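Work through the exercises below with the structure open beside you. Try each task before you read its solution.

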Amino acid sequence: MAKAAPIPGLEPRARFGDAAAAAVEIRSAEVFEHARGVLDINDIERVHDMRVATRRLRAALEVFATCFPNKRHRGLLAEVKALADALGERRDPDVAIEELTKVANGLGAAERPGIAGLIEELHAEQLDGNRVLAGVLLGVHECGLEDRLAELARSARAEQEQTS
Amino acid sequence: MKARRVKGLDPEGELAVNAYRIVAVRLDELEALALPALEHGEAGALHDMRIASKRLRYVLEMTAPALGEAAREGAKTAKALQDVLGEIHDCDEMLPRIGARIARLRDSDADALRAAAGDGAKDLDPAAAAETPNGTHYRGLEVLSVYLTARRAVLFDRLSDQWAELEPQGFAAELLEGLSDARAPRAPTGEAAP
C-alpha cells in the first residue's frame with residue numbers, strides 16, 4: 001500500500017481553511033496518480049492503491065467539509081464516493097478470492113470443488129466490477145473531476161483570503 | 001451510518017483546535033457504538049462500530065503531523081480496531097452468501113433429478129441421488145461455512161479483549177489530553193512557549 005504523501009503546511013496553528021485546501025490538493029493528486037493500469041486484473045495491487053488513495057481523499061473532504069462551499073462540496077464528495085464504491089466493488093472479489101484460495105489450499109480434494117465454484121463466481125464478479133469501474137473512470141475523466149477538485153481546494157483558499 | 005455533526009468548526013480558526021473538536025466527537029461516537037456492538041455481537045452494530053473507528057482513524061491520520069505523537073498512537077489504535085472489525089465484516093458478508101449458494105445448488109440439483117425422472121415417473125430411484133450435478137460441491141461449502149463461523153467467533157473475542165484493554169474511558173481521556181498539548185495557546189511574541 002502506497003504511503004500517504006505529507007501535506008505541506010500542516011502545522012498546529014495553520015488556518016483550518018489552508019490545511020483543507022492543501023489536504024484536498026495532495027490527496028486528489030494521489031488518486032489520479034494511481035489511476036494508471038487500475039483495470040489490469042492481473043495486478044490487483046493497483047486497484048487497491050487507488051482505492052486507498054480515494055478513501056484518503058474522501059476523508060479529507062469529510063474532515064474539512066466546513067471549509068468548502070456547501071453545495072459544490074456535497075456534489076464532489078458524492079462523486080468521490082461513487083468512485084470509491086466502484087473501486088470497492090472491483091477490489092472486494094480480489095480479497096475474497098485470495099482468502100478462499102488460502103482456505104482451499106488447506107483442505108482435501110473432496111472439499112475443493114465447492115470452494116472452486118465459489119471462486120469462479122467471484123471471478124465473474126471481478127470482471128463485472130472491472131466493467132463498472134471502467135465506466136466510472138471514463139465518467140470521472142470526461143467530467144473533469146480532477147480539475148473540479150483542484151478548483152474546490154482553491155475556492156477554500158480564496159474565500160479565506162477574502163475574509164481575512 | 002451518518003457521522004455525527006461537529007459543532008463549532010471554524011475555517012478561520014487553528015487546525016489543532018478544529019481537529020481536537022472533530023476527534024472528541026468521533027471518539028464519543030465510537031464509544032457509544034462499541035457498547036451495543038460488543039454486547040450482542042450483531043453484524044449491523046459491529047459494522048457501525050467499524051465505520052466509527054475508521055472515521056476516528058482518518059481524522060487522526062490526517063492531522064497527526066500537526067497534532068503529534070498522541071494522534072499517531074490514537075490512529076494506530078483505531079486502525080487495529082478497524083482491522084479486526086473488517087475481518088469480522090468479511091465473515092458476515094461471506095456466510096450468508098455461502099448459505100444462499102448452497103440453497104441455489106440444492107434447488108438446481110433437485111430440479112435436475114426431477115427432470116431426469118421424466119414426466120410419467122411414479123417415484124424416484126434412490127440411485128438418482130448419486131447423479132446430482134453439484135453433489136461434490138456441498139461438502140466444501142459446508143466446511144467453509146463452519147470455518148468462517150468459528151473464525152468470526154475467534155475474531156469477536158479478540159475484538160472484545162482489544163476493547164477491554166483500551167479501558168475505553170482511559171483511552172479517550174489520554175488521547176484528548178495528548179492532543180490538548182498541540183492546541184495549547186500560542187505564547188505571546190517574545191516569550192518562550194511553556
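The exercises go from whole chains to the interface, the core and single residues.

The model is predicted: local features need pLDDT of at least 70, side-chain atom pairs count only at pLDDT 80 or more, and totals for chains, interfaces and linings use all residues. Residues are numbered from 1 along each chain as its sequence is written, and chains are lettered from A and ligands numbered from 1 in the order in which they are written.

**Exercise 1. Confidence**

Task: State the scores of the model and find the stretch of chain B where the pLDDT is below 50.

Solution.
- Step 1. The model has an ipTM of 0.89 and a pTM of 0.90.
- Step 2. pLDDT is the predictor's confidence in each residue, from 0 to 100. Its average over chain B is 92, and 94% of the residues score at least 70.
- Step 3. The stretch below 50 is residues 187-194 of chain B, which has three contacts in the model beyond near neighbours in sequence. Two residues are in contact if their C-beta atoms, placed from the backbone, lie within 7 Å.

**Exercise 2. Elements and overall dimensions**

Task: Count the helices and strands of chain A and of chain B, then set each chain's radius of gyration against that of a compact globule.

Solution.
- Step 1. Helices (H or I, at least four residues) and strands (E, at least two) are DSSP runs, numbered from the N terminus.
- Step 2. Chain A contains five helices and zero strands, and chain B likewise contains five helices and zero strands.
- Step 3. The radius of gyration is taken over C-alpha atoms, and the globule rule is 2.2 Å times the number of residues to the power 0.38.
- Step 4. For 164 residues a compact globule would be near 15 Å, while chain A has 19 Å. For 194 residues the globule value is near 16 Å, while chain B has 26 Å.
- Step 5. Along the principal axes, the C-alpha atoms of chain A fill a box of roughly 70 × 35 × 25 Å, and those of chain B fill one of roughly 100 × 30 × 25 Å.

**Exercise 3. The interface**

Task: Describe the side of chain A that touches chain B by helix and by residue class.

Solution.
- Step 1. The interface joins 30 residues of chain A to 30 residues of chain B.
- Step 2. Helix 1 (16-33), helix 2 (44-63), helix 3 (70-105), helix 4 (112-142) and helix 5 (145-163) of chain A each give at least two residues to this side.
- Step 3. Helix 4 of chain A gives the largest share, six residues.
- Step 4. By class, this side has 19 nonpolar, six polar and five charged residues. Here Ala, Val, Leu, Ile, Met, Phe, Trp, Tyr, Cys and Pro count as nonpolar, Asp, Glu, Lys and Arg as charged, and the others, Gly among them, as polar.

**Exercise 4. Burial and the core**

Task: Give the buried share of chain A and of chain B, and name residues with the most contacts inside the largest nonpolar core.

Solution.
- Step 1. A residue is buried if 20 or more other C-beta atoms lie within 10 Å of its own, exposed if 12 or fewer, and partly exposed in between; C-beta atoms are placed from the backbone.
- Step 2. Buried residues are 35% of the 164 in chain A and 30% of the 194 in chain B.
- Step 3. A nonpolar core is a set of buried Ala, Val, Leu, Ile, Met, Phe, Trp, Tyr and Cys residues joined through C-beta atoms within 7 Å. The largest has 71 residues, and those with the most contacts inside it include A:Ala20, A:Phe64 and B:Val59.
- Step 4. Leaving aside neighbours within four places in sequence, A:Ala20 is in contact with A:Phe64, A:Cys67, A:Phe68 and A:Ala156.

**Exercise 5. Helix 3 of chain B**

Task: Check the span of helix 3 of chain B against its number of residues, and say what covers its buried residues.

Solution.
- Step 1. The expected span of a helix is 1.5 Å times one less than its number of residues.
- Step 2. Helix 3 (residues 69-117) of chain B has 49 residues, so it should span 72 Å; its end C-alpha atoms are 72 Å apart, which agrees.
- Step 3. Its buried residues include B:Ala71, B:Ala75, B:Ala78 and B:Gln82. The cover over the buried residues of helix 3 of chain B includes helix 4 of chain A, together with helix 2 (43-67), helix 4 (138-166) and helix 5 (168-182) of chain B.
- Step 4. After helix 3 of chain B comes B:Gly118, with a positive phi near 90°.

**Exercise 6. Two residues of chain B**

Task: Where does B:Lys2 lie, and is B:Lys2 buried or exposed? Do the same for the location of B:Gly41.

Solution.
- Step 1. B:Lys2 is in the segment before helix 1 (15-40) of chain B. B:Lys2 counts as exposed because it has 5 C-beta neighbours inside 10 Å.
- Step 2. B:Gly41 lies in the loop between helix 1 and helix 2 of chain B. B:Gly41 has 16 C-beta neighbours inside 10 Å, so it counts as partly exposed.
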